[in-house]
Amino acid sequence: MLESGALSDDGFPEFGKEVVLFIHITTQIEGRKDEKLFSEIGGTGFPHVVAMNPAGKVIGELHWEKRTVDGCRELMKDGKAFTELMAKAEKGDNGARIEYFPKALKLGHFKLAEAKTYYAGLKNVPAEAKKEIDGLLAGLEMKDILAPLSRPIMDRAKVKELQVAAGRKLWEMEQGSRVPGEEDDAITFYALIVIAAEEDKNLPAFERGLSVLKDRFGSKVKRFIDQKQPVLDKLKEEKEEKKDK
Amino acid sequence: MTPLRSAAIALALFAASGDVLAQADQEQMKKNLEKKLESEFLKKTTWTTDFDEAKAAAKKQGKNIFAYFTRSYAR
């Protein structure tokens with residue numbers, strides 16, 4: 001726990017003097033000021049710790065394995081370095097722009113259309129950076145597709161309908177070789193492809209989705225794989241039977 | 001915070017058929033917030049709970065903001 005760990009550490013108040021400490025609590029109290037700030041800054045899971053500049057823009061995110069006072073200090077240091085890089089990029093330095101762009105994408109600084117425009121303006125992007133940026137852009141494209149699923153929905157059937165609709169679009173992305181690079185995004189991406197493929201009895205999509213989940217993320221999504229594998233096997237059998245007839 | 005994000009995704013995707021939230025009991029939510037604000041870790045140093053105040057303080061003091069996002073409701 002962060003609260004009983006780093007935030008309660010004897011060294012934390014000293015760190016607190018170097019920064020402005022802000023706590024945001026999502027409460028589900030209707031009409032409360034800044035209630036949606038967590039989702040607005042791109043938060044997807046609690047707890048979430050970020051560094052922000054005085055304008056409230058996110059300049060760094062604390063990684064789970066660094067949840068110590070030293071890790072918090074490192075976060076603020078990295079945030080400062082990111083701010084300097086951003087300033088350099090804003091002045092038009094192509095190298096700085098290439099270095100800044102994937103970092104800014106991860107921090108949620110760009111919407112898809114803006115990102116595409118920025119990307120188009122970069123020159124001589126090295127292959128490795130290009131691969132990372134392409135993966136991040138695919139993640140952004142997926143985020144747009146998943147937008148209808150991001151708000152609370154009371155009706156389970158409606159949730160399923162939206163998941164299937166999203167999964168169909170994500171399958172189109174996969175076929176166009178636009179696959180999110182971040183692990184969490186990729187899991188969501190392929191899981192939704194499987195959900196839509198099951199509904200549509202789309203064997204190639206089902207096989208592809210499940211095979212990637214097994215090969216790349218096996219133990220993390222074991223329950224999902226165990227649940228879907230028999231469905232895929234049955235679907236294959238049915239197809240074979242149809243062929244025989 | 002990757003592991004928790006994964007957990008959130010897992011919950012959203014792999015629980016039966018999606019994420020269904022119960023209607024929030026507003027009175028209970030307010031009590032939950034009060035309880036959260038009484039947390040021991042908040043007594044050890046000075047935290048700002050208002051975003052505008054945090055930004056104004058950061059600007060005035062020439063510092064960046066360390067922002068901790070949590071929640072007071074249970075799932």
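These are my notebook entries on a predicted model of two chains, A and B.

**Conventions.** I number residues from 1 along each chain as its sequence is written, with chains lettered from A and ligands numbered from 1 in the order in which they are written. Since the model is predicted, local features need pLDDT of at least 70 and side-chain atom pairs count only at pLDDT 80 or more, while totals for chains, interfaces and linings use all residues; side-chain values use heavy atoms, with hydrogens and water left out.

**Confidence.** I noted the model scores, ipTM 0.79 and pTM 0.79. I then turned to pLDDT, the predictor's confidence in each residue, from 0 to 100, and found that chain B averages 78, with 67% of the residues scoring at least 70. Among the elements of chain B, helix H1 (residues 2-14) has the lowest mean pLDDT, 45, and helix H4 (residues 51-61) the highest, 98; helices (H or I, at least four residues) and strands (E, at least two) are DSSP runs, numbered from the N terminus. Residues 1-8 of chain B stay under 50 and have 19 contacts beyond four places in sequence, a contact being heavy atoms within 4.5 Å. Residues 14-22 of chain B also stay under 50, and here the model has 29 such contacts. Where pLDDT is low, the predicted coordinates should not be read in detail.

**Domains.** I looked up the division of chain A, which gives domain 1 (2-91) and domain 2 (152-237), with bounds that come from an automatic or database domain assignment. Taken over C-alpha atoms, the centres of the two domains are separated by 33 Å.

**The sheet.** I traced an open sheet of four strands with mixed pairing, in the order E1(A)-E1(B)-E2(A)-E3(A); two strands pair if DSSP finds at least two bridges between them. Strand E1 (20-26) and strand E3 (58-61) of chain A stand at the edges with a single partner strand each, so one side of each is left without a neighbour in the sheet. Neighbouring strands are turned by 30° against each other on average, direction ignored. E1(A) pairs with strand E1 (residues 65-71) of chain B in the parallel sense over seven bridges, and within this pairing A:His24 has B:Phe69 as its bridge partner. Helix H3 (residues 69-90) of chain A packs on the sheet, touching strand E2 (48-52) and E3 of chain A together with E1 of chain B, and its direction makes about 140° with that of E3(A); axes are lines fitted to C-alpha atoms, for helices over the stretch in contact, and angles run from 0 to 180 degrees between N-to-C directions.

E2(A) and E3(A) pair in the antiparallel sense over three bridges, with A:Ala51 opposite A:Gly60. These two strands form a hairpin with five residues between them, and A:Gly56 in the turn has a positive phi of about 90°.

**The interface.** I found 64 residues from chain A and 55 residues from chain B in the contact. The chains bury about 6,000 Å² between them, 62% of it on carbon and sulfur atoms, where buried area is the accessible area (1.4 Å probe) that two parts lose on being put together, summed over both. In chain A, A:Val20, A:Phe22 and A:Ile23 lose the most area to chain B, together 13% of what that side buries.

**Salt bridges.** I used the rule of a side-chain nitrogen of Lys or Arg within 4 Å of a carboxyl oxygen of Asp or Glu, which finds three salt bridges across the interface and 23 over all chains. B:Lys36 and A:Glu3 meet in one (2.7 Å, N to O). A:Glu99 and A:Lys103 meet in another (3.4 Å, N to O); being four residues apart in helix H4 (residues 94-106) of chain A, they are separated by about one helical turn.
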